[in-house]
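Q: Hey, can we go through this protein together? I'd like to start with the pockets.

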Amino acid sequence: GNADAASDLLTRMEGRYDNGDYPPGPRPNVICYNAVLNAHARAARRDDAMELLSKMTDRGIQADVVSYTSVLDGWARWLESASPKNADDSANVMKVMADAEDIMAKLESTGGGPNVVAYNALLKVYLNLAKLLGKVNTKSSTDDPNSNVISSSEPLVQLAEKALSVFNRMSRAKVHPNFITYSCAIHACAAAADSIASRKRTSGWQKDALDAAKLSQKILMTMERSFVTSGDARFAPPVKLYNMAVTALGRCRLEEGISEAQALIHHIEEDTDLGTESLPNTVTYTAYMKALADMCCPSAAERAEKVLIKMEKSYRDGRAAVKPTLLSYNTSLQAWAKIQNRIGAERADRVLSQMEAKHNAGISNICPDLYSYSICIDAWAKSKDRSAGERAENIFGRMLREPACLSPNLVVYNALINAWGASQDPRAGEKA
């Protein structure tokens, strides 16, 4: 509504000036065009913004930094609201990047040049494009060899590299990054890693995800050095940015990524120069536990449970920011369940029993939910143990009785049936 009204008013101004009406209308200047460009950008109308920018050139109006920044902002907002089909093939993705690069190149060639707001807008384009690509379904690329759907993670790796390269461009333009610059760049690289990880069918995805995650870590370390050397609190990295890097490193499902995530957590635990805002919190540790759970091996599950125990101890010692949540406990349950043998099922059951005991004794206010019980029942179903049915039935009974009193859903019933089906108990058929 507002964008249309502003555009109509500008068209009327142009008409009065062009037609030589008496009294003559004022010639629209760059401020008038920028107002309409901004309206298009806020409405996520990237095509209208691009068309108006071209129109300015045709009418001899010199676009300035506000003009180009508004167009980039329009691209970023359009990507934020776009559906996956808008980025479902390599041609579309590369065109978005090329268009954004072209806009910035034109701005860099102007007399005034870009400012930090313009570079931040470019980074938001990269960030929102990386997020959008994570929503694209790669199934058709696997099923249909003629499909244009992206079949590699190369465009996402390029996005992360371009986010990093923005700092070199800013240096050449003598523009200093601010907190938003670092935050957007870190987020863009982490989002690229996350999107690569969500497209596991693509070849070499683990290494590509790790490469993108390492770029987010590299930018974070640059931001950290800027803060430590300058003492400027505006550059103090909050724990949220460290959490992004930890999550991205863990998503690659490689031991190298897990080790980097662990080292980063140890760093912010021990470095007193960073201040309390950078200390790890519940999200930090739970993200690391999730990475360990996805490794699907006993040693990683053991490490995940030790992280949970550490969180419990730190919370008892007075660190409220690391209080384990239900997600933390369920992640530990998942870590053991994903091993898919008797040991994993037993250890998951033990963690669940500890949750129940602590809650019943009033030590913890975290009560197992339906998902907690379903994880453990499914763990026995996949354990290949002859007593799987009986053990799963026991967990099912605890779920129904007080104090839990939970109503099972279809997932729970299916897991219980599978547990009996996998067991060698003579009652298996009847019980199932």
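A: Sure. One term to begin with: helices here are DSSP runs of H or I with at least four residues, numbered from the N terminus. Also keep in mind that this is a predicted model.

Q: Got it. Which helix gives the largest share of the lining of the largest pocket?

A: That's helix H14, residues 298-316, which supplies three residues of the lining.

Q: And how much space lies in that largest pocket?

A: About 250 Å³.

Q: What classes of residue are in its lining?

A: Five are nonpolar, two are polar and four are charged. The lining residues include Glu312, Tyr315, Arg316, Ser364 and Asn365.

Q: New topic: how many disulfides does the structure hold?

A: Zero. A disulfide needs two cysteine sulfur atoms within 2.5 Å. The closest cysteine sulfur to that of cysteine 184 is in cysteine 189, and at 11 Å this is too far for a bond. For cysteine 405, the closest one is in cysteine 367, at 9.5 Å, also too far.

Q: Is cysteine 405 buried, partly exposed or exposed?

A: Cysteine 405 is partly exposed, with 46% relative accessibility. Cysteine 184, on the other hand, is buried at 9%.

Q: Okay, now helix H1. Which of its residues are buried?

A: Ala3, Leu10 and Glu14. They sit on the same side of H1, because they cover an arc of only 40° around the axis.

Q: What exposed residues does the face turned away from that buried side carry?

A: Asn2, Arg12 and Asn19.

Terms used:
Residues are numbered from 1 along each chain as its sequence is written. This is a predicted model: local features need pLDDT of at least 70, side-chain atom pairs count only at pLDDT 80 or more; totals for chains, interfaces and linings use all residues. Side-chain values use heavy atoms; hydrogens and water are left out. On a 1 Å grid over the protein atoms alone, a cavity is a set of points where a 1.4 Å probe fits but cannot get out, and a pocket is an open set with protein on both sides within 12 Å along at least five of seven lines; lining residues have an atom within 4 Å of a point. Grid points are joined across faces, edges and corners, and a volume is the space filled by probe spheres set on the points. Helices (H or I, at least four residues) and strands (E, at least two) are DSSP runs, numbered from the N terminus. Ala, Val, Leu, Ile, Met, Phe, Trp, Tyr, Cys and Pro count as nonpolar, Asp, Glu, Lys and Arg as charged, and the others, Gly among them, as polar. Buried means under 20% relative accessible area, exposed over 50%, partly exposed in between (1.4 Å probe, protein chains only). The arc is that of the directions from the helix axis to the C-beta atoms.
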